[in-house]
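Colleague: Before we use any labels such as buried or in contact, could we go through what stands behind them, one residue at a time?

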Amino acid sequence: GGKPMVDRWERFLGFSWKDVEALERRFQSGKINTSIFFLRALPIFPLSVISAAAGLLRLPIRSFSLWTFYGTVPRCLLLGYLGWGLGETYQGIAKGIDKAEGIVSGLLIAVIMGGIIWLRARVRGKILDND
């Protein structure tokens, strides 16, 4: 979307086109490759944010792809190691989360159904009162 999208959705995005230009100038100083590498390597940083920022900054696709690959390798190794290390512990936690999710989902459905029934009864009561 570029500048028109950022200008239009500035208050929802939380940054302006001037911020994008300032970031673009900063990255033109040559630190972009290491920034991409470290942002991709951090498992807690969302990948889609990096890709969207790279598109806004119009980074060269070849350089972006190469440093994305380099940064993804340590990220995948770390996440794989954590998954292997947690093994059975993760399965126990997942079962507990699944059970809690089922209970919360059931309660949400009950509340929604109760709300629908209450609203229908209220609307029907108003219709009968007007007749």
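**How the labels are earned**

Modeller: Let us begin with the side chains of Arg40 and Thr68, which are joined by a polar contact of 3.4 Å; please keep in mind throughout that this is a predicted model.

Colleague: Why is the link between the side chains of Arg40 and Thr68 called a polar contact?

Modeller: The name asks for a pair of N or O atoms within 3.5 Å, one able to donate a hydrogen and the other to accept it, and the side chains of Arg40 and Thr68 are joined at 3.4 Å, so the distance falls within the cut-off.

Colleague: Where do these two residues lie, and what makes Arg40 count as buried or exposed?

Modeller: Arg40 lies in helix H4, whereas Thr68 lies in helix H6. Buried means under 20% relative accessible area, and Arg40 has 5% relative accessibility, so Arg40 counts as buried.

Colleague: And how do you know whether Thr68 is buried or exposed?

Modeller: Thr68 has a relative accessible area of 15%, and as this value is also under 20%, Thr68 is buried. The side chain of Thr68 also reaches the backbone oxygen of Phe64, at 2.7 Å.

Colleague: Which residues does Arg40 touch, once those up to four places away in sequence are set aside?

Modeller: Arg40 touches Leu47, Ile50, Ser51, Phe64, Thr68, Gly71, Thr72 and Arg75. Counted in the same way, Thr68 touches Ile36 and Arg40.

Colleague: Let us stay with helix H4; why is Phe37, which is found there, given the label it has?

Modeller: The relative accessible area of Phe37 is 21%, and since buried would require a value under 20% and exposed a value over 50%, Phe37 is called partly exposed. Leaving out residues up to four places away in sequence, Phe37 touches Trp67, Tyr70, Gly71 and Pro74.

Colleague: What label does Asn33 receive, and why?

Modeller: Asn33 is found in helix H4, which covers residues 32-41, and with 23% relative accessibility, a value between 20% and 50%, Asn33 counts as partly exposed. Beyond residues up to four places away in sequence, Asn33 touches Ser63 and Trp67, and the C-alpha atoms of Asn33 and Ser65, which are 32 residues apart along the chain, are separated by 10 Å.

Colleague: What follows for Pro43, in the loop between H4 and H5?

Modeller: At 30% relative accessibility, Pro43 is neither under 20% nor over 50%, so Pro43 counts as partly exposed. Its contacts, not counting residues up to four places away in sequence, are with Arg75, Leu78 and Leu79.

Colleague: In helix H5, what makes the buried residues line one face?

Modeller: Helix H5 covers residues 47-56, and Ile50, Ala54 and Leu56 are buried there. Seen down the axis of H5, these buried residues fall within an arc of 160 degrees, so they line one face of the helix. An α-helix has 3.6 residues a turn, so residues three or four places apart point the same way. Just after H5, Arg58 takes a positive phi of about 55 degrees.

Colleague: Why is Ser16 called buried, although it is found in a loop?

Modeller: Ser16 is found between helix H2 and helix H3, but the label rests on accessible area, and with a relative value of 14%, under the 20% cut-off, Ser16 is buried. Apart from its neighbours within four places in sequence, Ser16 is in contact with Val6 and Glu10.

Colleague: Lastly, which residues make the nonpolar surface patch, and what makes Val104 suitable for it?

Modeller: The patch, of about 570 Å², is made by Val104, Leu108, Ile109, Ile112, Met113 and Ile116. A patch residue must have over 30% relative accessible area, and Val104, in helix H6 (residues 61-130), has 46%, so Val104 passes that cut-off. As 46% lies between 20% and 50%, Val104 also counts as partly exposed.

Notes. Residues numbered from 1 in each chain as written. Predicted model: local features only at pLDDT ≥ 70, side-chain atom pairs only at ≥ 80, totals over all residues. Heavy atoms only, no water. Patch = residues over 30% accessible without salt bridge, like charges linked within 9 Å, V, L, I, M, F, W, Y side chains within 5 Å. Areas by Shrake-Rupley, 256 points an atom, 1.4 Å probe, with all protein chains shown as cover. Salt bridge = Lys/Arg side-chain N within 4 Å of Asp/Glu carboxyl O. Helix = DSSP H or I, 4+ residues; strand = E, 2+ residues; numbered from the N terminus. Buried < 20%, exposed > 50% of the residue type's maximum accessible area, 1.4 Å probe, protein only. Contact = heavy atoms within 4.5 Å. Arc of directions from axis to C-beta.
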